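Q: I'd like a close look at one part of this model, and then a walk outward from there into the rest of the fold. Keep it informal, please.

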Amino acid sequence: QVQLIESGGGLVQAGGSLRLSCAASGFTFSQNAMGWFRQAPGKERESVATISRAGTSTSYADSVKGRFTISRDNAKRAVYLEMNSLKPEDTAVYYCAAATRTHWYSSLIRSADFGSWGQGTQVTVSS
């Protein structure tokens, strides 16, 4: 049974930083691309960042480029999202997800390519 458990969310002032973590279990973690997504109230879920199996390739939404960094530790079965220079518009529930297809990654990977999702962690950035 696939489990993805996010942690690290919270309330932070604009300009601050947070580090999200996602602990994975129930599948061969190193075989799947991973991603972070977010959904703000009244908005559709959007991709924030994705990372290939080995962590050698990443992609980011334009809105977070230069501020957020995705990484993974396959030995620890974890994926991380380092968020710096946070803005109020970053406020959302952040979700960790695992790609459905193994041994595959594309910088054009989309939400529909991810089949397993965590419960989410709330990030609130105050102005």
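Where is the place of aspartate 113?

A: Bear in mind that this is a predicted model. Aspartate 113 sits in the loop that runs between E9 and strand E10 (114-117). Its side chain reaches the backbone nitrogen of arginine 110, at 2.8 Å. If you skip residues up to four places away in sequence, aspartate 113 touches Ala99, Thr100, Arg101 and Trp104.

One of those, Ala99, takes us inward. Ala99 belongs to a core of 7 residues, and Ala33, Ala97 and Ile109 are also among its members. That core lies apart from the largest nonpolar core, which has 28 residues. In the 28-residue core, the residues with the most contacts inside it are Met34, Trp36, Val79, Leu81, Met83 and Tyr94. As for where its residues come from, strands E3 (18-25), E4 (32-39), E5 (46-51), E7 (68-73), E8 (78-83), E9 (92-102) and E11 (121-126) each supply at least two.

Val79 is a good place to see how this core is wired. Setting aside neighbours within four places in sequence, valine 79 is in contact with Leu20, Ser21, Cys22, Phe29, Met34, Trp36, Ile51, Ile70, Ser71, Arg72 and Cys96. Two names in that list, Cys22 and Cys96, deserve their own look. Cysteine 22 and cysteine 96 form a disulfide, with their sulfur atoms 2.1 Å apart, and the count for the model comes to 1 disulfide. Cysteine 22 lies in strand E3 and cysteine 96 in strand E9, so the pair ties together parts that are 74 residues apart in sequence. The torsion about the S-S bond is about -75°, so this disulfide is left-handed. Both ends are out of reach of the probe, or nearly: cysteine 22 is buried at a relative accessible area of 1%, and cysteine 96 is buried at 0%.

Ser71 is another of valine 79's contacts. Serine 71 lies in strand E7 and is partly exposed, with a relative accessible area of 29%. Outside its own sequence neighbourhood of four places, serine 71 is in contact with Ile51, Val79 and Tyr80. For a sense of distance, the C-alpha atoms of serine 71 and proline 41 are separated by 26 Å, though the two residues are 30 apart along the chain.

Strand E7 also leads to the sheet. Here we have an open sheet of 4 strands in the order E1-E3-E8-E7, with antiparallel pairing. Strand E1 (3-7) and E7 stand at the edges with a single partner strand each, so one side of each is left without a neighbour in the sheet. On average, neighbouring strands in this sheet are turned by 15° against each other, direction ignored. At the E1 end, E1 and E3 pair in the antiparallel sense over 5 bridges, and glutamine 3 has serine 25 of E3 as its bridge partner.

One more aspartate rounds things off. Aspartate 90 lies in the loop between E8 and E9 and counts as buried, at 1% relative accessibility. Its side chain makes a polar contact with the side chain of arginine 38, at 2.9 Å. The side chain of aspartate 90 also reaches the backbone nitrogen of lysine 87 at 2.8 Å. Neighbours within four places aside, aspartate 90 is in contact with Arg38, Arg67, Phe68, Ser85, Val123 and Val125.

Terms used
Residues are numbered from 1 along each chain as its sequence is written. This is a predicted model: local features need pLDDT of at least 70, side-chain atom pairs count only at pLDDT 80 or more; totals for chains, interfaces and linings use all residues. Side-chain values use heavy atoms; hydrogens and water are left out. A nonpolar core is a set of buried Ala, Val, Leu, Ile, Met, Phe, Trp, Tyr and Cys residues joined through side-chain atoms within 4.5 Å. Buried means under 20% relative accessible area, exposed over 50%, partly exposed in between (1.4 Å probe, protein chains only). Contact means heavy atoms within 4.5 Å. A polar contact is a pair of N or O atoms within 3.5 Å; within protein, one must be able to donate a hydrogen and the other to accept it, and residues adjacent in sequence count only if both atoms are side-chain atoms. Two strands pair if DSSP finds at least two bridges between them. Axes are lines fitted to C-alpha atoms, for helices over the stretch in contact, and angles run from 0 to 180 degrees between N-to-C directions. A disulfide is a pair of cysteine sulfur atoms within 2.5 Å.
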